[in-house]
Amino acid sequence: MESLNIFIRSIFIDNMVFAFFFGMCSYIAVSKSVKTALGLGAAVTFVMVMTVPLNYLLYEYVLKANALVEGVDLNFLSFIVFIATIAAFVQLVEMIVEKFSPTLYSQLGIFLPLIAVNCAIMGGSLFMQQKVDALELTSLWQSIVYG
């Protein structure tokens, strides 16, 4: 039941695009055709769903204070680690789209690699970190639902 609550909140209350207006530039830029907009939306959604749980694991077991070694806090590296994770998945998506849909790849142009710096995805990871610290997200499953 709690996962359903997190899912509903992530769609209607904590929605990165509609509630916080993150990532609007990418969506507006490619919204000339439905196919292109759906392609970019699917790519952003895939990257979000994959990176938020992975960043949860990295934060919880590597970056959080006392996670690796007692007395060591690597929290200051979270921004860099989250960006690296997101960039890696965006590269994966770019290679897959180029291989299986060259037409969509050419239509998206520069906006496909730009989702690596899409603030919606980065916002998702940073908000996830805040929710972990506030004890709203306490498991990998909840971070997957949130993503």
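Colleague: What makes up the secondary structure of the chain, and how do you know where a helix begins and ends?

Modeller: The chain comes to eight helices and zero strands, where helices (H or I, at least four residues) and strands (E, at least two) are DSSP runs, numbered from the N terminus. Read from that end, the elements run α-α-α-α-α-α-α-α. This is a predicted model, in which local features need pLDDT of at least 70 and side-chain atom pairs count only at pLDDT 80 or more, while totals for chains, interfaces and linings use all residues. Residues are numbered from 1 along each chain as its sequence is written, and side-chain values use heavy atoms, with hydrogens and water left out.

Colleague: How do you know how the length of α4 compares with the expected span?

Modeller: The expected span of a helix is 1.5 Å times one less than its number of residues. Helix α4 has 23 residues and reaches 33 Å from its first C-alpha to its last, which is close to the 33 Å expected.

Colleague: Why is T85, a residue of helix α4, called buried?

Modeller: Buried means under 20% relative accessible area, exposed over 50%, and partly exposed in between, with a 1.4 Å probe and protein chains only. T85 has a relative accessible area of 9%, and is therefore buried. The buried residues of α4 also include F82, F89, V93 and V97. For the chain as a whole, buried residues make up 37% of the 147 residues.

Colleague: What is T85 in contact with, once its neighbours within four places in sequence are left aside?

Modeller: Contact means heavy atoms within 4.5 Å, and on that basis T85 is in contact with T51, L54, N55 and L58. T85 and N55 are 30 residues apart in sequence, yet their C-alpha atoms are 7.3 Å apart in space. Across the chain, residues 24 or more positions apart account for 68% of the contacts with a separation of 6 or more.

Colleague: What makes a set of residues a nonpolar core, and which members touch the most others in the largest one?

Modeller: A nonpolar core is a set of buried Ala, Val, Leu, Ile, Met, Phe, Trp, Tyr and Cys residues joined through side-chain atoms within 4.5 Å. The largest has 25 residues, of which V47, F82, V93, L112, I115, M128 and V132 touch the most other members. Helices α3 (34-63), α4 (78-100), α5 (102-108) and α7 (119-133) each supply at least two residues of this core, and α3 gives the most, with nine.

Colleague: How do you know that E60 and K64 form a salt bridge?

Modeller: The term requires a side-chain nitrogen of Lys or Arg within 4 Å of a carboxyl oxygen of Asp or Glu. In this pair the closest N and O atoms are 3.3 Å apart, so the criterion is met. A search of the whole structure finds one salt bridge. K64 is partly exposed, because its relative accessible area is 25%. Both E60 and K64 are also among the contacts of V132, together with Y56, Y59 and L137, when neighbours within four places in sequence are left aside.

Colleague: Why is Y61 of helix α3 called exposed, and N66 partly exposed?

Modeller: Y61 has a relative accessible area of 54%, and is therefore exposed, although beyond its neighbours within four places in sequence it is in contact with A67 and L68. N66, in the loop between α3 and α4, is partly exposed because its value is 40%. The phi of N66 is near 65°, a positive value in a residue other than glycine.

Colleague: What makes the nonpolar surface patch a patch, and where does F7 belong?

Modeller: Patches are made of residues with over 30% relative accessible area and no salt bridge: like charges are joined within 9 Å, and nonpolar side chains (Val, Leu, Ile, Met, Phe, Trp, Tyr) within 5 Å. M1, L4, F7, I8, I11, F12 and I13 make a patch of about 780 Å². F7 is found in helix α1 (residues 2-12) and counts as partly exposed because its relative accessibility is 41%. The C-alpha atoms of F7 and V145, 138 residues apart along the chain, are separated by 5.7 Å.

Note on methods:
Areas by Shrake-Rupley, 256 points an atom, 1.4 Å probe, with all protein chains shown as cover.
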